[in-house]
Amino acid sequence: MSLAVISGFAAAPAVPLLYRLAREKTGWIVALLPLSLFIYFASLLGRIADGEIVTAAIDWVPSLDVNLTFRTDGLGLVFALIITGIGTLVFLYGGAYLHGHPYTGRFYTVITLFMASMLGVVLADSIILLFIFWELTSFTSYVLIGFYSEKAAAREAARQALIVTSAGGLFMLAGLVLLSLSAGTWEISEMVGRSGAIQADSRYTAALVLILLGAFTKSAQFPFHFWLPGAMEAPAPVSAYLHSATMVNAGIYLMARLYPALGGTDEWHVLVTAAGAATMLLGGWLAWQKTDLKQILAYSTVSALGIMTFLLGLGTEETITAALMFLLVHALYKGALFMVAGSVDHGTGTREIGDLGGLRRAMPMTAAAAALAALSMAGLPPLLGFTAKELIYEGTLHLHDTDGWIALMTAVALVGNLFNVTAAGLAAIRPFWGKLKSPHAPHEVSVTMWAAPLILGALGLAIGVALTAYEPVLERMVEAVHGEEVHLHLALWHGFTTMLALSGVTILGGLALYVGAPRLRGAVAPLGRASAAIAPSRLYSEAIHGTVDAATAGSRVILTAYLRQYIRVIMITLVAALGYVFATQIEFDNLLHSSGVRIYELIIAGVIIAAALTVTQLNKRLSAAATLGVVGYGVTLIYILYGAPDLAMTQFAIETLTVILFVVVIYRLPKLKQLSSTSARRMDAVLAVVVGVTMTVLTLVVLTVPMESRLSPYFARMSYLAAHGHNVVNVILVDFRGFDTMGEITVLSVAAIGVFALLRLNLNKPKPGEERLPEPMEEEERGR
Amino acid sequence: MRSLILQTAIRYLVPLQLMFSIYLLLGGHQQPGGGFVGGLIAASAFSIYAIANGVESARRTVRVDPRVLIGTGLAMALVSGLLGLVLDGGFLVSQWGETEYPGVGKLSTPLLFDTGVYTVVIGVVLLVIFSLMEEEQEA
């Protein structure tokens, strides 16, 4: 099972190479990965449905008790199936959607990484591991939202999504650490049994709030919902995959997963239910006012995430069942509808619902997929959406609370569902029915582009009919969240019940709003304008601008752009810090203990000092550089005298290279002029002397500290025995401390690439023959 | 700044420097030397060559783009670490071959790692120097 997660990370780097070979067939080959993972997880269905739990563990940091532990139960399995199943379809759809785009290889690399990270989130048992994968999904989402990187709006949306979700992620990390402290374990499966201790702990409220911040930002809950509609700048397959079916559900997953440990308290009920209800109502309210297909779907996704949060907040067995059922329903129909929106865009060149109509004749298969998904979204029998809606009403009606509260909660759910019906009609029915309207003659999209959403839509129908087959899996899911054994009796037909009546009201109300939407949109527009000033997205952008302004003002004070200024500050700080330590902690009695000085040491020291003094008096760059070289070679000699040939050799090579570098750039440097005033130069001289004295004292102090190092003898002894090398320095570098060296060469490489980029960037004059971004694709022309 | 003296001297110096750098690399485990200093010396050899004969000629002589050298070197270091992970259960746990080769000693993952360092250092220095010199030409 660990392999299931790791395989994606291993495969992703190879994808660009594959793209060079396979070009347009890449999608078909890469899709084999999610497909085989899907088959693997599907093969676990029987065992998991019987109540088994599949685990796997690899030691990682055993000393900290942090290990790579994976665990599949009902909840994780359904998520894994959604991730890999919809993943397979999205991989295929994406190939056709991006057909011929130069960044297709990059798309598949990142989306493969995303899939692996998302699987990690839902299968990890260690919360540290969960957090790492969680942040990886934020990061891959950032790259994918900004896929059309030549568009400023896409870059801004990507940045916004990253800032919101990763800031939430950091709060969550703090919360998870508090949680594990009070639970005494890093493993989620062990926390579940310790809810008593966790909830009695004084850190409980803080942990809960922090973790919920993570979940709310990720799952676009009010007031953090605004990044999700922005994320619609991403290509349609990305919206279908990340921003409806999988990543945005990570917050829901986390709340469900930690419910046994954190849930059930008053704080939980209040916070989660309120956020969910607000999100559901706001998302639904905004969805029907939008006229762009993807915007309608985005706000209805916000609303749907709100419904799930709301239900988890109420926290009875029935509402949890409803939330988890709705999760699957929503992933299926929303994934399909985002693909449909992409196909409509492809087939007609617009996503404005006002410009679209009657497409069903020209795009019959896409229309069929849209209809199936829309019916499930609207909650009509016999689709799965119907069952989910019945479960929602069953949940709110059976709350153990006062009648007034039950009525209120049911009404909230009703309004949320009603908006959903309207959004389904606007996004998936209106473009396909009625009179033909399209900017240019519409055409049906390629097979993969209609087959993928059609399969998802058909699944909504198939599972809706074959409910009993899904029942045991859902039972295991609910048990994972609710903790107790669960027996469900799912059925399409319950007789004439209150739930059925509510369903009827929902659909009629939704239809009424659907019909009235075009006229009402104008009527409520002033309300939107009035509230714009306090919209969270506005507050976000003001906070960002404020931060940038403050940073700019701060930089102006601190960063003077004069190297000499920086050096002064660094040196003064060094002297002050060391001086404080010397003054308070060091005894100067036997500091000048000497083992005798040899004459050639004195000569070398004299040469070095003379060279250093000379440098300050020279007014030619070349001679100054050469004289500085004398200082360097002098130091090299001292290294040799004290038996450090490796150090000496390296110093020698570096000195040589410095001279070469200098020769390369010398003609570009301005003439050496005396810029500082005499008094400033005097101050600098004083500072230089003080620094020199301080460093000398430091060296002498270091020599008086008794050398009781165990490392030196250890390395000297083990060098040949353990590492077959006589050169201890080299053995330490490449073997004992190999990992450090690896980090260092990586840093070195990054620095070199930075230098290269700075030299090539040359903002002022674009050079001919320079690599340029490919021309913006048709996306730009579509207009909004 | 073409100079006949430099160009002629370079023809004999560069091969010597390169041989010395490889000697340092291979012998580094037993005597003073190693990949880092070896790489610096090889890089300065190519840099002096570039000063004498021009960047383009130097690029042709090196044959490989410095960026590729950087990537290859990092990959070598990574592979030497992974070999330890696969063969001995720990990242960077060193692995040693059986046969002794003259001048090289036993083949080992630390040697591969050091060769990676050697390659990265050459790549980094040359990337910076070549870029600076090309910048110089255009200016």
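Two residues are in contact here if their C-beta atoms, placed from the backbone, lie within 7 Å. The exercises below concern a predicted model.

**Exercise 1. Place Thr246(A) in chain A, decide whether Thr246(A) is buried or exposed, and list which residues Thr246(A) is in contact with beyond its neighbours within four places in sequence.**

Step 1. Along the chain, Thr246(A) sits in the loop that links α13 (236-245) to α14 (250-262) of chain A.

Step 2. A residue needs 20 or more other C-beta atoms within 10 Å to be buried; Thr246(A) has 28 such neighbours inside 10 Å and therefore counts as buried.

Step 3. Once neighbours within four places in sequence are set aside, the contacts of Thr246(A) are with Ile82(A), Ile83(A), Ile86(A), Met118(A) and Tyr241(A).

Step 4. As a separate distance to locate in the model, the C-alpha atoms of Thr246(A) and Ser376(A) are 18 Å apart, with the two positions 130 residues apart in sequence numbering.

**Exercise 2. Describe the loop between α11 and α12 (227-230) of chain A, saying what backbone features are found at Ala220(A) and at Pro223(A).**

Step 1. Both residues belong to this loop, as Ala220(A) lies between α11 and α12 of chain A and Pro223(A) is found there too.

Step 2. Ala220(A) is not a glycine, yet its phi is positive, near 55 degrees.

Step 3. The surroundings of Ala220(A) hold 30 C-beta neighbours inside 10 Å, and Ala220(A) therefore counts as buried.

Step 4. The peptide bond that joins Phe222(A) and Pro223(A) is cis, with omega about 0 degrees.

Step 5. Another cis peptide bond runs from Pro381(A) to Pro382(A), with omega near 5 degrees; Pro382(A) lies in the loop between α18 (364-378) and α19 (384-397) of chain A.

**Exercise 3. Work out how helix α32 (residues 738-761) of chain A packs with α4(B), and which residues meet there.**

Step 1. The two helices pack at an angle of about 165 degrees, and their axes are 11 Å apart.

Step 2. Angles over 145 degrees count as roughly antiparallel, which means that α32(A) is roughly antiparallel to α4(B).

Step 3. The hand of the crossing between α32(A) and α4(B) is left.

Step 4. From α32(A), the residues that take part are Met742(A), Ile745(A), Thr746(A), Ser749(A) and Ala752(A), and they meet Ile70(B), Gly73(B), Leu74(B), Ala77(B) and Gly81(B) of α4(B).

Step 5. Sorted by class, this contact of α32(A) with α4(B) comprises 6 nonpolar and 4 polar residues, with no charged residues.

**Exercise 4. Widen the view to the whole side of chain B that touches chain A: how many residues are in contact, and which element gives the most?**

Step 1. On this side, 39 residues of chain B are in contact with 37 residues of chain A.

Step 2. The elements of chain B that give two or more residues to this side are α2 (35-53), α4 (66-88) and α5 (109-138).

Step 3. With 15 residues, α5(B) gives the most to the side of chain B that touches chain A.

Step 4. By class, the residues on this side of chain B divide into 24 nonpolar, 11 polar and 4 charged.

**Exercise 5. Set out the elements of chain B, and find where Leu92(B) lies and what its phi is.**

Step 1. Chain B has 5 helices and 2 strands, and from the N terminus on the order is α-α-α-α-β-β-α.

Step 2. Leu92(B) is found in the loop between α4 and β1 (96-101) of chain B.

Step 3. Although Leu92(B) is not a glycine, its phi is positive, at about 70 degrees.

Step 4. Leu92(B) is buried, because 25 other C-beta atoms lie within 10 Å; across the 139 residues in chain B, buried residues make up 46%.

**Exercise 6. Assess where in chain A confidence is highest and where it is lowest.**

Step 1. The average pLDDT of chain A is 87, and 96% of the residues score at least 70.

Step 2. Confidence in chain A is highest in helix α11 (residues 204-218), at a mean of 94, and lowest in helix α33 (residues 779-782), at a mean of 36.

Step 3. The pLDDT is below 50 over residues 766-784 of chain A, a stretch that has 12 contacts in the model beyond near neighbours in sequence.

Key: Residues numbered from 1 in each chain as written. Chains lettered and ligands numbered in written order. Predicted model: local features only at pLDDT ≥ 70, side-chain atom pairs only at ≥ 80, totals over all residues. Nonpolar A, V, L, I, M, F, W, Y, C, P; charged D, E, K, R; others polar. Buried ≥ 20, exposed ≤ 12 C-beta atoms within 10 Å, placed from the backbone. pLDDT = per-residue confidence, 0-100. Axes fitted to C-alpha atoms, helices over the stretch in contact; angles between N-to-C directions. Parallel < 35°, antiparallel > 145°, perpendicular 65-115°, else oblique. Left-handed = near helix turned anticlockwise from the far one by under 90°.
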